[in-house]
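I opened this model to go through its metal sites, its strands and its surface. These are my notes from that reading.

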Amino acid sequence: MTDPELIARILGGLTGVVGVAVCLGYGLWRFLALALSAAWAAFRTEPPGGNDPRITPYTGPEPARPAYWSGQMWLDARFAGQAAALTVRYLLTRHWLGLVVRRRLLQGRNGQTGELAANGFGRLLLRLLAPGTALAALLSALLASVLLAGVALFFAVELALVALAALAAVLAGRAAERLWKLALGIRMKCPYPGCYRPFPLAVHLCPGCGAAHRELRPGAFGALRHVCRCGKALPSTLMTGRRGLAARCPHCDRNLPPAVGTTRVVHLPLIGGTSAGKTMLLAAMLDGLRSWSHESGLTVEYASPDDLREANTLGQSLNRTGWALKTQGGQPRALMLLVGHGRRRRLLYLYDPMGESFRDADTTRGQGYLAHADGVLLVTDVLAAPVVRRALHAGDTERAEAARPADLGPVETYAGFTGELQGLGGRRGRLPVATVVTKRDALDRLDSLPRPAEPVEAWLAEIGLDELVRALGHDFAAARYWVVSARAATGAGALDSERRRAAEPVLWLLSRTGLRVGGLVRDRPDAQARRDTRARRDTEGAQDVRDVQDAQVGHGEERSNTP
Ligand SMILES: [Zn+2]
Ligand SMILES: [Zn+2]
């Protein structure tokens with residue numbers, strides 16, 4: 001064995017020992033500590049609102065910040081990984097190899113301080129340490145990279161778990177809301193003309209800045225709450241308080257009543273010819289509902305300040321002129337009332353379209369709300385029926401004229417709209433119809449006609465409108481009849497009994513949607529009178545009797561076409 005070979009072996013062994021010792025004793029830990037602290041600093045972005053350049057502001061249409069887990073968290077994780085990798089590379093190439101090894105040890109300078117060794121032996125020793133130190137740096141970088149990769153993997157799994165938990169909360173929140181709406185039968189629909197469209201989620205306004213949130217539900221902007229761009233936290237589910245926010249229709253951007261997302265909506269259109277007394281009846285119904293609310297457990301309130309204003313305007317016009325103004329415009333805005341009994345509530349949309357709306361198929365089709373009607377209030381002015389007019393004697397014709405009869409007979413009005421209701425919703429056979437004969441005060445003054453009496457359907461048949469009664473009974477799931485004097489039910493000196501009678505059709509239709517107000521309708525004070533009429537009619541023609549019995553299956557119970 002020659003000397004140079006031995007020296008090379010000793011130097012090689014020494015280099016290996018120095019490399020491993022420096023790596024395990026110092027280098028590796030230094031690499032790990034610096035890389036991890038750099039990663040941690042990169043992950044911890046500035047708090048929201050700061051001007052950290054790593055936060056890319058969300059520029060989409062929703063005025064909310066995306067939830068941390070849905071975006072920024074992954075960006076931060078990437079920044080952290082990059083920072084760790086860059087740190088390892090910098091330490092290896094610039095610090096250890098570049099500075100410590102090349103510019104210090106190989107020049108005979110102290111690796112730590114950069115001081116030149118005092119003598120030649122010292123400088124030689126430092127130069128001999130250089131290969132070992134370079135080896136230590138390489139080993140440290142390699143081992144640190146492997147360990148850091150492990151940490152990164154562990155961290156990625158943690159983040160994925162966080163995201164999964166958030167996603168689960170989102171799904172649970174959405175499912176809970178859907179179930180809740182299903183259980184309560186809530187289907188949101190716009191009450192405004194030209195729209196009347198259904199929507200799954202209303203636009204909610206931030207109470208802080210008024211920004212319109214179109215996506216305020218569990219999702220990428222947050223599971224249980226969204227943070228508005230103004231910094232205010234908004235509840236994102238019905239159960240956590242979203243119902244308290246002002247809402248708008250996503251299609252037409254008009255204000256919705258606060259109860260629209262929490263209460264089942266019942267759509268009831270008043271159908272009748274021009275001047276059939278629809279608007280008067282509507283006013284009488286509002287008064288009647290209020291009267292019931294004083295007498296029973298019924299609660300009635302206007303769904304929004306607009307509705308209160310509209311009802312007041314209607315009442316004032318009636319008080320001043322004795323007549324309701326003719327309904328204007330092509331399509332009506334629904335008058336919205338919150339009607340409750342016990343723990344249940346319904347948001348009642350009452351549509352009062354102008355009579356001309358049902359003249360032909362085209363204009364009827366424009367009445368889009370018919371598609372989701374829950375029942376029909378058929379307003380019938382029998383004085384407009386040709387068969388009734390023909391039966392009037394001399395003096396009665398003038399009296400009938402003074403009552404401003406409708407332009408279209410009840411049979412024609414019904415024929416005009418009924419096909420469309422079928423076409424629009426395809427579900428007429430499942431709907432109830434409440435037929436209200438109006439202008440009872442005028443009818444009472446006519447000598448040529450029998451006085452209106454219970455049961456109204458029998459009286460209608462008697463004056464020649466049996467065709468209408470038969471058609472209604474056949475076409476709808478259930479039909480009931482009332483005769484009302486809206487004049488006696490509204491304005492100064494209104495009769496409480498007449499008021500309440502005017503509201504009965506609405507209560508009956510509401511009771512068909514599960515609101516327990518059927519009892520109010522059934523306890524009618526005139527039940528005795530009805531029984532008398534029935535007894536009297538039993539002695540009359542067989543067909544009539546059948547009609548009456550047909551229409552009276554179970555007192556107060558509607559007959560049903562559906563098995
Ligand atoms: Zn805001
Ligand atoms: Zn709308």
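The entries below follow the order in which I looked things up.

**Entry 1: status of the model.** I noted at the start that this is a predicted model.

**Entry 2: zinc ion (ligand 1).** Which residues supply the protein donors of the zinc ion (ligand 1)? I found Cys206, Cys209, Cys228 and Cys230, each through SG, at 2.2 to 2.3 Å from the ion. I then checked the angles: the four donor atoms subtend 103 to 114 degrees around the zinc ion (ligand 1), which makes the arrangement tetrahedral. In sequence, I read the spacing of these donor residues as C-x2-C-x18-C-x1-C. Distant parts of the chain are linked here, since cysteine 206 sits in the loop between β2 and β3 and cysteine 228 in strand β4, 22 residues apart. I looked up the accessibility of this pair as well, and both cysteine 206 and cysteine 228 are buried.

**Entry 3: strand β4 and its partners.** Cysteine 228 led me to strand β4, residues 225–228. Which side chains of β4 point to the buried face? I found His226 and Cys228 on one face, buried, while Arg225 and Val227 point to the other face and are not buried. On pairing, strand β1 (residues 64–65) runs antiparallel to β4 and is joined to it by two bridges. Within that pair, arginine 65 stands opposite valine 227. Strand β5 (residues 233–235) also pairs with β4, again in the antiparallel sense, over three bridges. There I noted arginine 225 opposite proline 235 of β5. β4 and β5 form a hairpin with four residues between them. I checked the backbone of the turn and found a positive phi of about 100 degrees at glycine 231.

**Entry 4: zinc ion (ligand 2).** I repeated the donor search for the zinc ion (ligand 2) and obtained Cys190, Cys195, Cys249 and Cys252, all through SG, at 2.2 to 2.3 Å. The angles among the four donor atoms of this zinc ion are 104 to 117 degrees, and the site is tetrahedral. The sequence spacing of its donor residues is C-x4-C-x53-C-x2-C. Cysteine 190 lies in the loop between α3 and β2 and cysteine 252 in the loop between β6 and β7, so the pair ties together parts 62 residues apart in sequence. I looked up cysteine 190 separately: its relative accessibility is 0%, so cysteine 190 counts as buried.

**Entry 5: the four-stranded sheet.** In what order do the strands of the open sheet of four strands run? I read the order as β3-β2-β6-β7, with antiparallel pairing. β3 (212–213) and β7 (255–256) stand at the edges with a single partner strand each, so one side of each has no neighbour in the sheet. Strand β2 (residues 203–205) and strand β6 (residues 247–248) are paired antiparallel over two bridges. In that pair I noted that histidine 204 has alanine 247 of β6 as its bridge partner.

**Entry 6: surface.** Last, I searched for nonpolar surface. Ile7, Leu11, Leu14, Phe121, Leu124, Leu125 and Leu128 form a nonpolar patch with about 650 Å² of accessible area together. The elements giving two or more residues to this patch are α1 (3–43) and α3 (120–184). The largest share, four residues, comes from α3. I picked out isoleucine 7, which lies in helix α1. Its relative accessibility is 49%, so isoleucine 7 counts as partly exposed; the cut-off for exposed is over 50%.

Key. Residues numbered from 1 in each chain as written. Chains lettered and ligands numbered in written order. Predicted model: local features only at pLDDT ≥ 70, side-chain atom pairs only at ≥ 80, totals over all residues. Heavy atoms only, no water. Patch = residues over 30% accessible without salt bridge, like charges linked within 9 Å, V, L, I, M, F, W, Y side chains within 5 Å. Areas by Shrake-Rupley, 256 points an atom, 1.4 Å probe, with all protein chains shown as cover. Salt bridge = Lys/Arg side-chain N within 4 Å of Asp/Glu carboxyl O. Buried < 20%, exposed > 50% of the residue type's maximum accessible area, 1.4 Å probe, protein only. Pairing = 2+ DSSP bridges. Donors = N, O, S within 2.8 Å, 3.2 Å for Na, K, Ca; no water. Tetrahedral: all angles 85-135°; square planar, octahedral: opposite > 155°, others 65-115°.
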